[in-house]
Amino acid sequence: MRSETLWKMSGLTGTYEAWAFGDAPDLLAELVCRGIKTATASAYPLYEAEGEPVPQVGEYSVILDSQEDAVCIIRTTKVTIVPFLEVSPEHAYKEGEDDRSLESWRAVHRDFFMEELKEAEGLEFTEDMPVVCEEFEVVYQPSLEEEVQAFFAGDASGHDWFHTERVVRLAKRLASAEGADPEICRLAALLHDVDDYKLTGKAFGSTENAERLMARYGIPEQQRAEVLAIIQKVSFKGADTEVPESLEGKVVQDADRLDAIGAIGIGRTFAFGGTRGQLMYDPKIKPEPGKSAEAYRKNSNTTINHFYEKLLLLKDMMNTETGRRLAEGRHRVMEDFLAEFYAEWNGEDLQ
Ligand code: ADP
Ligand code: NI
């Protein structure tokens, strides 16, 4: 999310600076969020050269990742300036990187400062160079739900936050009925659309955002892998549609599909069509069910045709018993809706 959004959410007042760590910004931001990294160091001569004040205790910073995404807010708690060779093993430990030893701190920072100073005119790294050692605490970090909510803010194509919220709710219900792991289902449902190519503009099948978020929130490796396997397969792709292997994946796919049908499904489909400038209906344009994934994605058909190309097919594609049961009622709602739609279209009454 944007720095301004994060700052507002935090309820903090006053001023802040937003910045990313110079080296490995994503990894370091992740370590800060997980409470492993509580200190950083910077080259004092650069502050002098640029006429910038050194950090002060009590100052707030919004930490950004490599995508300029605001990750958390920290408050500076201690600032000391010491020569490079006098930086303590305690400080190196608090930096939280690698094996947290002074030895590795020196190796990494020697290289980093050398590069950084080389780029600044007339400066050179020496081992007695003063280093600004700064300690901090995380004062605000949104929850994973809030992150996902902010990601979907402003979407009006039917992929808004409430879609995700409903899928999480349905996934929980299906998980408990089917005996699937509730936490995997919750996470996969929560993250199932954060890499949707329609929203991110990134390549189809990317899992970049989901991976970044799970790393930042310290989700264990095993759970991460299970969630990724699910969200890679969950989406509808015409004739190329896949089914996730795990029961949890089957549950989440059913939950996502249940939200694509019924009254909500009808609403979402017309909302989507509206954002694409798509005609509601044109009797001359025939539906083309069974398209390949490629053709399904390019689709700029009418909204009514989407019922025949996807929505009415979903009832028979449900993976779980509970999904099938819930799909039936929702399917009927769509059939009734279409019958009424055609009757009104033709100026007739429903028989
Ligand atoms: P999935 O959620 O399986 O990835 P999509 O993202 O393709 O499926 O579609 C999600 C929802 O967006 C659909 O259920 C529908 O409401 C809407 N939608 C997608 N494509 C179209 C379309 N061409 N016309 C109308 N609505 C669409
Ligand atoms: Ni979805």
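A residue counts as near a molecule if its C-beta atom, placed from the backbone, lies within 6 Å of it. Keep in mind that this is a predicted model.

**Exercise 1.** Work out how many residues surround ligand 1, and which element gives the most to that shell.

*Solution.* Start with the count: 14 residues surround ligand 1, and the closest are S235, F236, A260, T269 and F272. Next, sort them by element: α13 (262-275) and α15 (303-309) are the ones giving two or more residues. Of these, α13 gives the most, with 4 residues. Finally, look at the chemistry: the shell splits into 3 nonpolar, 9 polar and 2 charged residues.

**Exercise 2.** Decide whether helix α12 is largely enclosed or not, and say why.

*Solution.* First get the geometry: α12 runs over residues 247-258 and reaches 16 Å from first C-alpha to last, close to the 16 Å expected. Then check burial: 11 of its 12 residues are buried, so the rest of the structure largely encloses it. Among those buried are K250, D254 and R257. The cover includes α7 (161-178), α8 (182-191), α11 (221-231) and α16 (321-345).

**Exercise 3.** Find the residues that touch the most other members of the largest nonpolar core, and trace the contacts of A171.

*Solution.* The core has 39 residues, and A171 and A188 touch the most other members. α7, α8 and α12 are among the elements supplying at least two residues each, with α8 giving the most, 7 residues. Now trace A171: leaving aside neighbours within four places in sequence, its contacts are C185, R186, A189, V251, V252 and A255. Don't stop there, though: a second, separate core of 16 residues includes C33, V62, V71 and I73.

Note on methods:
Residues numbered from 1 in each chain as written. Chains lettered and ligands numbered in written order. Predicted model: local features only at pLDDT ≥ 70, side-chain atom pairs only at ≥ 80, totals over all residues. Expected span 1.5 Å × (residues − 1). Buried ≥ 20, exposed ≤ 12 C-beta atoms within 10 Å, placed from the backbone. Contact = placed C-beta atoms within 7 Å. Nonpolar A, V, L, I, M, F, W, Y, C, P; charged D, E, K, R; others polar. Core = buried A, V, L, I, M, F, W, Y, C linked by C-beta atoms within 7 Å.
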